[in-house]
Amino acid sequence: GAQLAVAALDAPVVSLVNTDTLATLATRRIDADAAQRNLSNLAWSVDGSTLYSAGERTREGPNILYRWRERGLGPMERFDIAALRVSDLQALANGS
């Protein structure tokens with residue numbers, strides 16, 4: 001079935017929810033990085049196979065893009081991407 005990604009504004013957490021039953025399928029947490037305040041920006045790849053997230057940090061340093069393949073259920077990947085705050089994420093037409 002279809003799934004929805006829901007971000008928290010007060011914690012670095014993303015929940016994956018089944019849209020038919022509203023049951024939580026998985027919860028993705030960023031516990032290893034105390035500076036990650038939230039993961040408030042979410043985007044699915046065009047084909048729905050990959051979930052991307054970024055959010056606010058509490059310290060100086062690069063902002064981070066997180067990626068989970070396998071419809072958001074795969075292992076977390078982390079990429080340092082920007083010196084400034086990430087305010088939005090969009091899927092690209094090429095599927096990435």
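By the ring criterion used here, the predicted model holds 1 aromatic pair. Rings of Phe, Tyr and Trp (for Trp the six-membered ring) pair if their centres lie within 6.5 Å; planes under 30 degrees apart count as stacked, over 60 as edge-to-face and the rest as tilted. The ring centres of Tyr66 and Trp68 are 6.3 Å apart and the planes stand at 20°, so the pair is stacked. Tyr66 is buried, as is Trp68. Buried means under 20% relative accessible area, exposed over 50%, and partly exposed in between (1.4 Å probe, protein chains only).

This is a predicted model, in which local features need pLDDT of at least 70, side-chain atom pairs count only at pLDDT 80 or more, and totals for chains, interfaces and linings use all residues. Residues are numbered from 1 along each chain as its sequence is written, and side-chain values use heavy atoms, with hydrogens and water left out.

**Nonpolar cores**

Tyr66 and Trp68 also belong to the largest nonpolar core, which has 10 residues in all. Its other members are Ala5, Val14, Leu16, Ala26, Ile30, Leu39, Leu51 and Ile64. Strands S2 and S6 (63–68) are the elements that give two or more residues to this core. The largest share, 3 residues, comes from S6. Apart from this core lies another, of 6 residues, among them Ala43, Tyr52, Ala54 and Val86. A nonpolar core is a set of buried Ala, Val, Leu, Ile, Met, Phe, Trp, Tyr and Cys residues joined through side-chain atoms within 4.5 Å.

Leu39, one of the residues of the largest core, touches residues from several parts of the sequence, including Ala7, Pro12, Val14, Ile30, Ser53, Gly55, Tyr66 and Trp68, with residues up to four places away in sequence not counted. Contact here means heavy atoms within 4.5 Å.

**Sheets**

Strands (E, at least two residues) and helices (H or I, at least four) are DSSP runs, numbered from the N terminus. Two strands pair if DSSP finds at least two bridges between them. Strands of a sheet pair through backbone hydrogen bonds, either parallel or antiparallel.

One open sheet has 3 strands in the order S1-S2-S3, with antiparallel pairing. S1 and strand S3 (24–29) stand at the edges, each with a single partner strand, so one side of each has no neighbour in the sheet. From one strand to the next, the twist averages 20°. Angles run from 0 to 180 degrees between N-to-C directions, and axes are lines fitted to C-alpha atoms, for helices over the stretch in contact. Strand S1 (residues 3–7) and strand S2 (residues 13–18) are joined in the antiparallel sense over 5 bridges. These two strands form a hairpin with 5 residues between them. Within S2, Leu16 is the bridge partner of Ala5, and Ser15 is that of Val6.

The other open sheet described here has 4 strands, also antiparallel, in the order S4-S5-S6-S7. At its edges stand strand S4 (41–44) and strand S7 (76–82); each has a single partner strand, so one side of each is left without a neighbour in the sheet. The twist in this sheet averages 20° from one strand to the next. Strand S5 (residues 51–54) pairs with S6 in the antiparallel sense over 3 bridges. Leu51 has Trp68 as its bridge partner in S6, and both residues are part of the largest nonpolar core.

**Salt bridges**

The structure holds 6 salt bridges. A salt bridge is a side-chain nitrogen of Lys or Arg within 4 Å of a carboxyl oxygen of Asp or Glu. The table gives three of them.

| Pair | N to O distance |
|---|---|
| Asp33 and Arg78 | 3.3 Å |
| Glu56 and Arg37 | 3.7 Å |
| Arg69 and Glu77 | 3.0 Å |

The pair of Asp33 and Arg78 links distant parts of the chain: Asp33 is in the loop between S3 and S4, and Arg78 is in strand S7, 45 residues apart. Asp33 counts as buried because its relative accessibility is 11%, whereas Arg78 is partly exposed at 43%. Together with Arg57 and Asp80, these two residues are linked in a network of salt bridges.

In the pair of Glu56 and Arg37, Glu56 lies in the loop between S5 and S6 and Arg37 in the loop between S3 and S4, so parts 19 residues apart in sequence are tied together. Glu56 is partly exposed, with a relative accessible area of 22%, and Arg37 is partly exposed at 40%.

In the remaining pair of the table, Arg69 is partly exposed at 41% relative accessibility, and Glu77 is partly exposed at 24%.
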